[in-house]
Amino acid sequence: MTIAIYTLTSELHDERAVGEVSREFLNSLDITYDLKGSDYADYGSHSLDLIYVRTGGTEGIFKRLLPELQAKSEQPFYLLTSGKSNSLAASLEILSYLRQNDFKGEILHGDSDYISKRIRLLAKVGEARKSLKNCRLGVIGEPSDWLISSHVDKETVMQHLGISLVSIPMQELLDVLDVTPLRQSSEQASVDVVRNALPVAEQIYDALKTIVERHQLQGFTIRCFDLLTTVHNTGCLALARLNAEGIVAGCEGDIPAMLSMKIAQTLLGVSGFQANPASINPMTGEILFAHCTIPFNMVERYEFDTHFESAIGVGIRGYMREGPITIFKVSGNLSRYFIGEGEMIRNQAKPDLCRTQQVIQLSHPSQTSYFLTNPIGNHHIILPGHHKDQLEGLLCNI
């Protein structure tokens with residue numbers, strides 16, 4: 001993660017005095033940075049590029065620089081100012097000009113603790129955006145028929161996130177399965193039907209790894225219900241394991257859910273549990289989320305059962321540690337997102353639901369109205385920890 005600071009200084013100001021103020025200001029910040037001065041040659045090549053407006057009278061200098069800077073970077077313009085020598089006034093004029101011309105930007109001003117915290121967050125967001133560029137995510141089969149609101153525009157995803165969506169026919173996976181050898185599983189199951197299904201579940205895992213390597217994918221979503229009718233098994237074990245290994249793996253061909261999982265993994269370094277609400281209490285803010293697979297690295301322990309809807313194959317019942325969580329989802333056209341923080345207050349294991357079940361208490365019960373009036377599909381991503389500020393930092397500039 002690299003932070004570069006470029007400077008804007010009026011020739012009317014005494015460099016010696018300005019330099020002393022600048023050193024004092026920059027030394028007060030708790031960050032590691034590379035001071036570039038007025039040479040903007042490599043602007044746009046770092047996790048975060050800051051323009052340090054050192055003095056007033058720099059508005060015209062910035063206006064002349066703008067075409068060059070615009071050509072080098074699509075990121076917002078971040079104006080750093082100490083407030084000395086009319087630098088804040090100049091920053092306000094510059095940002096106003098940027099807004100008038102449909103450019104995004106922000107002034108970083110305040111005490112050193114606030115500025116340092118904001119810079120670290122923006123640098124992390126910038127690094128995540130760079131990492132998402134040229135990422136390849138597979139869509140194995142079409143989205144499931146019931147996901148009528150969950151399709152996306154590939155060009156939009158490429159334009160705003162730099163992610164390529166790679167269409168892979170379901171038949172290709174089935175062909176790979178045909179030549180993938182069966183092997184015994186090291187996993188244990190107490191139910192005969194599940195124990196007998198484990199070798200094919202492992203075969204599905206091996207075949208999916210082949211697909212990932214063949215297409216150079218960093219993640220995928222799969223029309224997994226087709227496996228129930230073709231090989232009489234599920235992808236639940238494979239997805240639980242692949243997510244834990246750092247390969248984003250989503251269910252039901254849900255592309256917005258996969259994108260949400262990849263954004264969270266890249267920005268936060270955590271796996272996500274793709275699940276749908278099974279019940280909501282608008283009065284208390286409690287929501288029960290459930291699904292038949294969860295990344296193994298998200299749970300303290302897990303056990304196997306059959307897949308809920310079909311009662312065949314291998315499903316995962318995972319038990320996640322109680323504590324802070326974030327509920328997250330982006331829309332298929334990236335124009336909307338939902339971020340809700342809360343607490344995972346208990347796991348449960350009722351027989352009439354998908355196997356992994358989490359009861360979550362939203363921090364603000366009023367947020368249940370989102371689910372009941374304007375939801376982004378049914379699947380949402382459960383993330384360990386509270387991450388609203390970081391996710392908003394990335395998404396507000398898409």
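**Figure 1. Oblique packing of helices α6 and α7 in the predicted model.** Two packed helices are described by the angle between their axes and the distance between the axes. Here, helix α6 spans residues 170-178 and helix α7 spans residues 192-215. Their axes come within 9 Å and cross at roughly 120°; α6 and α7 are therefore oblique to each other. The crossing of these two helices is right-handed.

**Figure 2. Residues at the contact of α6 with α7.** From α6, the residues E172, L173, V176 and L177 take part. They meet Q203, I204, A207, L208, T210, I211, R214 and H215 of α7. Sorted by class, this contact has 7 nonpolar, 3 polar and 2 charged residues.

**Figure 3. Surroundings of T156 in helix α5.** Helix α5 is formed by residues 154-161, and T156 is found in this helix. T156 has a relative accessibility of 17%, and because buried means under 20%, T156 counts as buried. When residues up to four places away in sequence are not counted, T156 touches L161, N333 and L334.

**Figure 4. Surroundings of H46 in the loop between β2 and β3.** The loop that holds H46 lies between strand β2 (34-37) and strand β3 (48-53). H46 has a relative accessible area of 13% and is therefore buried. The side chains of H46 and D49 are joined by a polar contact of 2.7 Å. With neighbours within four places in sequence left aside, H46 is in contact with T2, A4, Y6, K36 and K130.

Methods. Residues numbered from 1 in each chain as written. Predicted model: local features only at pLDDT ≥ 70, side-chain atom pairs only at ≥ 80, totals over all residues. Heavy atoms only, no water. Axes fitted to C-alpha atoms, helices over the stretch in contact; angles between N-to-C directions. Helix = DSSP H or I, 4+ residues; strand = E, 2+ residues; numbered from the N terminus. Parallel < 35°, antiparallel > 145°, perpendicular 65-115°, else oblique. Left-handed = near helix turned anticlockwise from the far one by under 90°. Contact = heavy atoms within 4.5 Å. Nonpolar A, V, L, I, M, F, W, Y, C, P; charged D, E, K, R; others polar. Buried < 20%, exposed > 50% of the residue type's maximum accessible area, 1.4 Å probe, protein only. Polar contact = N/O pair within 3.5 Å; in protein donor to acceptor, adjacent residues only side chain to side chain.
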